[in-house]
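Visitor: I should like to learn how to read the features of a structural model one at a time. Please show it to me, and let us begin with a single side chain.

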Amino acid sequence: MNSQSAINKDVFIPCDERMLVAVEVRRRKKKRMSFLSHVSKGEYATFICVSVTNTRPLQLIISKVKQFRGSSSFTRTSQWMVEQLRQVNGINPNKDIPEFDLVFVNTVDQWVASSAAEKCILIQILYSACQTYWKGKAGSLVKVNRQGTLPVVEAGHSDSSPSSRTRQVRRKSLVVSKPPEFINCPSKLTRGQTEERATRSPMGNIVHRMNVAVGERGDRLTTAEDKTLGLVHAAHQLADNAHKRALKSTK
């Protein structure tokens, strides 16, 4: 079982979540963490993971997962809702590098992925997931307002009841939250795509490319088979002609 499958099994499936991606990282700059001061470098592996809940309303979550040396299991040590993610910084949009930053409302984490490719996979999937999540959330807000289940308290009208205050706070939290900003990221990861490709997730695009490649390979095999059949047919014809000439020469 690879690391991604093991992380999904240990951490996300028991929490009724579905993992979208997991990328191994290390800190780019040392960060003081007194409660982990006794843990020396190299005693655990760290993964940044993106997951989505299976229950509605769907929640998009960014998690920090660790595997300590000598242990085969994985542990989630931190998690943030996507609403807490303010910025994803790719550091350099013109060069494939493994460094990136995640800026949350209460912290900034500076990471280095195991490779530039791993970082690109994380950013592409996180960007696609955020786009899908916020589009769905916008649709939910429109639906809520139309149904009147989340009323707007107009100026000059106040309702001091606890339930009213709760609804106001809830509505405010929904309205002020906004999608995270993706900066200094290669345009190939976040640029607009054609309508056909936009309907597929990054993993779906990968599967699509694989299907195209398999289809092309199948076409090449079909062409080769046709050529082979043609050669076989020509060989049979040559053999028949040679046999006929041999019969004529014996008469």
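Visitor: Is Trp 134 buried or exposed?

Guide: Burial is read from relative accessible area: under 20% is buried, over 50% exposed and anything in between partly exposed, with a 1.4 Å probe and protein chains only. At 11%, Trp 134 is therefore buried. Tyr 133, with a relative accessible area of 12%, is buried as well. Please note that this is a predicted model, in which local features need pLDDT (the predictor's confidence in each residue, from 0 to 100) of at least 70 and side-chain atom pairs count only at 80 or more, while totals for chains, interfaces and linings use all residues. Residues are numbered from 1 along each chain as its sequence is written, and side-chain values use heavy atoms, without hydrogens or water.

Visitor: How many aromatic pairs are there?

Guide: Rings of Phe, Tyr and Trp (its six-membered ring) pair if their centres lie within 6.5 Å; planes under 30 degrees apart are stacked, over 60 edge-to-face, and the rest tilted. This rule yields five aromatic pairs. In one of them, Tyr 127 meets Phe 182 edge-to-face, with 5.1 Å between centres and 90° between planes. Tyr 127 belongs to helix α2 and Phe 182 to strand β8 (residues 181–183), so this pair ties together parts 55 residues apart in sequence. Helices (H or I, at least four residues) and strands (E, at least two) are DSSP runs, numbered from the N terminus. Both Tyr 127 and Phe 182 are buried. For Tyr 133 and Trp 134, the ring centres are 5.6 Å apart and the planes stand at 90°, so this pair is edge-to-face.

Visitor: Which residues touch the most other members of the largest nonpolar core?

Guide: A nonpolar core is a set of buried Ala, Val, Leu, Ile, Met, Phe, Trp, Tyr and Cys residues joined through side-chain atoms within 4.5 Å. The largest core here has 30 residues, and those touching the most other members are Leu 60, Ile 62, Leu 102, Leu 126 and Phe 182. At least two residues each come from β1 (17–27), β2 (44–53), β3 (60–68), β5 (85–89), β6 (99–104), β7 (108–113) and α2 (116–147). Helix α2 gives the largest share, ten residues. A second, separate core has eleven residues, among them Ala 6, Ala 22, Phe 47 and Phe 74.

Visitor: What does Leu 60 touch beyond four places in sequence?

Guide: A contact means heavy atoms within 4.5 Å. Leu 60 has contacts that include Leu 20, Val 50, Trp 80, Ala 129 and Tyr 133.

Visitor: In what order do the strands form the sheet?

Guide: Strands pair through backbone hydrogen bonds, either parallel or antiparallel. Two strands count as paired if DSSP finds at least two bridges between them. Here eight strands make an open sheet with mixed pairing, in the order β4-β3-β2-β1-β7-β6-β5-β8. β4 (75–81) and β8 are the edge strands, each pairing on one side only. From one strand to the next, the twist averages 30°, where axes are lines fitted to C-alpha atoms (for helices, over the stretch in contact) and angles run from 0 to 180 degrees between N-to-C directions. Helix α1 (residues 3–12) lies across β1, β2, β3 and β4, at about 115° to β1.

Visitor: Which sense does each pairing around β5, β6 and β7 take?

Guide: β5 and β8 are parallel, over three bridges, with Asn 89 opposite Ile 183. β5 and β6 run antiparallel over four bridges, and β6 and β7 do so over five. A hairpin of three residues joins β6 to β7. Five of the six residues in β6 are buried.

Visitor: Where is Gln 110, and what does it touch?

Guide: Gln 110 lies in strand β7, opposite Asp 101. With 23% relative accessibility, Gln 110 is partly exposed. Beyond four places in sequence, its contacts include Arg 26, Arg 28 and Phe 100. Gln 110 and Arg 28 are 82 residues apart in sequence, yet their C-alpha atoms are 5.4 Å apart.

Visitor: Where does pLDDT stay under 50?

Guide: The chain has a mean pLDDT of 74, and 57% of its residues reach 70 or more. Values stay under 50 over residues 33–40, which have four contacts beyond four places in sequence. They also stay under 50 over residues 162–176, for which the model has 15 such contacts.
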